[in-house]
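Biologist: I would like to go through a model with you and ask, at each step, what a word stands on. Could you show it to me before we begin?

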Amino acid sequence: MKRFKSMMIGALTAVLALTAVGCSSSEQEQQVLNIYSWADNFDPEVIKDFEQKYNVKVNYDIYGSNEEMLAKIQAGASGYDLIQPSDYMVATMIQLGLLEELNKENIPNMKNIVSTFKTPPFDKENKYSLVYTWGITGIAYNKKYVKEAPTSWSDLWNEEYKGRVILLNDPREVMGMALIKNGYSNSTTNKEELEKSFADLKKMLPGVMAFDTDNIKQKMIAEEAWIGTVWSGDAAIINGQNPDVEYVIPKEGATIWADTLAIPKGAKHKDLAEKFINYLMDPEVSVKNYESIGYSNPNEQAYSLHSEEYRSNKMIFLDKADIDRAEWLVDVGDTLQEYDRYWTEMKSGR
Amino acid sequence: MLNKKPVKLLAVPALLWLGLLFVLPMLLIALLSFFKRGTYGQVVYEFTLNNYIRIWDPLYGQIFGDTLVVAILTTLLSIVCGYPLAYYISRLEKSSQQIWLLLVMIPFWINFLVRSYAWVIILRSQGVVNTILQSLGLITEPLPLLYNSGSVLLGMVYTLLPFMVLPIYVSLEQMDRRKLEAAYDLGATPWKAFWHVTLPMTKTGVVTGSILVFVSSIGMFVVPDVMGGAKSALIGNVIQNQFLSARDWPFGSALSIVLMLLSMLLILLYFRAVKAGEAKEGAA
């Protein structure tokens with residue numbers, strides 16, 4: 001989702017710049033693939049391999065939020081061939097007519113995707129998008145301070161952790177969590193359900209240390225925060241640097257999210273984009289790619305090829321039962337205004 | 001002597017720049033604030049006053065109020081911290097003055113975001129300050145120095161202080177020192193001389209500095225996010241949210257327009273008050 005990995009941008013840009021120089025001699029007959037995506041979302045070597053194998057050039061531009069990407073695509077003539085909207089944004093972009101239908105004949109490897117992601121609610125038949133990275137928002141906690149492993153979202157309300165709770169700085173994620181805790185859908189448009197969950201959330205507010213999305217990892221690693229809502233992939237990274245931090249998906253269920261591969265309307269190199277998508281879904285390529293970026297691989301054929309270390313990491317390889325309990329955030333249309341009103345009220349500290 | 005026409009031409013690049021990159025976007029924002037948000041966050045080009053009606057929700061009034069309080073406190077604290085510093089610098093020898101002014105400006109060379117995170121490293125529970133205090137045995141539990149209104153204020157004053165110091169320094173430099181000597185000759189104490197001579201003569205610097213600091217702090221959203229833990233939203237954060245997660249550009253535009261009008265009004269009132277003060281002094 002909204003990952004700012006700006007530190008990696010520099011390194012990646014350097015790599016791509018070098019590749020670009022290396023290829024410039026045969027530019028005329030060479031096809032170009034223009035990617036617009038999150039920072040650090042591909043293994044640079046995988047991109048390089050693709051360039052060499054098909055004698056093409058890949059340009060890689062970066063955005064920091066779905067909304068930033070949406071604004072640029074909406075303005076038209078962006079020149080991009082491949083984008084990576086998150087789940088809810090795919091639904092929005094389909095509604096706004098901003099995505100091309102995928103030509104499935106060009107992507108035979110899409111059969112490798114695990115069945116869970118073949119029918120996501122935001123694009124039920126994978127007509128416009130394919131899941132690329134995914135994760136579940138669960139509870140990360142530091143077992144040095146949180147002695148009893150949390151099992152429920154209500155553990156975030158525990159007075160003992162007052163002032164040490166961290167929440168994602170995202171209205172849909174936080175409201176979604178409170179809704180799930182109260183037994184409702186994370187994307188409800190029912191005003192009473194929203195009101196009740198918000199009243200509940202307000203009780204937790206005095207215990208919240210901070211809202212943070214971009215630097216939540218640092219706050220958990222440095223043990224500033226003891227417990228909080230964290231994406232599974234981020235939890236894996238935190239755990240790699242501070243083994244005291246564990247991760248759990250609460251019994252009430254949780255929000256699942258995905259960043260996808262999609263082609264914006266009017267893309268000039270649609271075929272090439274599809275070729276690249278197919279390449280990424282080759283089992284062996286995907287193993288290399290996902291072990292490098294450290295996120296969950298949705299490729300079923302690749303599971304057995306992954307290293308023991310990657311496979312045994314339960315923050316990357318989530319239980320099927322957990323995935324089944326998780327719920328997608330879907331666009332709530334005009335009700336988003338209500339979510340935002342509650343969010344603003346919560347942030348106003350009243 | 002220069003004749004007038006070429007001199008006028010000198011302003012053309014700046015005017016073009018401002019016209020294209022400031023006035024035009026401003027007009028677009030004003031226009032946008034009268035349209036509707038579509039169900040999927042797109043802008044629907046139908047006239048409405050709804051965005052302005054929504055602002056009357058007391059919630060937004062309170063946030064405007066909070067923002068004003070923070071901006072005014074930031075400005076006052078900047079004067080309290082900035083004036084003595086500017087005064088000190090203006091009394092140094094020319095060569096040391098340059099070094100001090102350089103020191104005041106050096107933070108500008110470093111990215112604003114990076115500087116804010118530096119404060120996080122200093123103030124967080126396992127940060128520099130808490131670690132030192134704990135190892136000295138002065139405290140047992142780390143102090144909650146971050147993510148509260150105090151740390152937001154600290155971040156704001158820290159960020160905006162140079163905007164106060166520099167104009168005050170300039171006006172202190174331009175001041176006619178002989179008037180101060182005259183005051184002393186007439187038997188004024190240092191404090192009296194400062195109050196009746198130096199301060200009134202450097203008022204322009206204080207006014208300029210105040211406006212720069214005030215205007216910058218009223219739209220600030222990075223400091224409350226990074227140093228305040230995004231817990232107490234200022235109006236800048238609310239506006240930012242409208243353009244991102246809420247995807248409500250028309251409402252965000254309306255809030256921006258109101259914020260702009262409000263700061264213009266306050267600056268006008270401020271100028272009036274300063275002028276009235278001057279008139280009173282002249283009469284006395």
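Biologist: What makes up chain A in terms of helices and strands?

Modeller: Chain A has 13 helices and ten strands, where helices (H or I, at least four residues) and strands (E, at least two) are DSSP runs, numbered from the N terminus. This is a predicted model, in which local features need pLDDT of at least 70 and side-chain atom pairs count only at pLDDT 80 or more, while totals for chains, interfaces and linings use all residues. Residues are numbered from 1 along each chain as its sequence is written, and chains are lettered from A and ligands numbered from 1 in the order in which they are written.

Biologist: Why is chain A called as compact as a globular protein of that length?

Modeller: The radius of gyration, taken over C-alpha atoms, is set against the globule rule, which is 2.2 Å times the number of residues to the power 0.38. For 350 residues the rule gives 20 Å, and the radius of gyration of chain A is 20 Å, close to that value, so chain A is as compact as a globular protein of that length.

Biologist: How many of the residues in chain A, as a percentage, are buried, and what makes a residue buried?

Modeller: A residue is buried if 20 or more other C-beta atoms lie within 10 Å of its own, exposed if 12 or fewer, and partly exposed in between, with C-beta atoms placed from the backbone. By that test, buried residues make up 48% of the 350 residues in chain A.

Biologist: What is the confidence in chain A?

Modeller: On pLDDT, the predictor's confidence in each residue from 0 to 100, chain A averages 89, and 91% of the residues score at least 70. Over residues 1–27 of chain A, however, the pLDDT is below 50.

Biologist: How many residues does each chain bring to the contact?

Modeller: Two residues are in contact if their C-beta atoms, placed from the backbone, lie within 7 Å, and the contact takes 29 residues from chain A and 25 residues from chain B. On the side of chain A that touches chain B, the largest share, six residues, comes from H13(A).

Biologist: Which spans of chain B does the record call transmembrane regions?

Modeller: The unreviewed UniProt entry lists several, including residues 204–223 and 251–271 of chain B; UniProt positions are given in the numbering used here, feature names are shortened, and annotations may be inferred rather than shown by experiment. In the model, residues 251–271 of chain B are 100% helix and 0% strand, with end C-alpha atoms 30 Å apart, while residues 204–223 of chain B are 85% helix and 0% strand, with end C-alpha atoms 28 Å apart.
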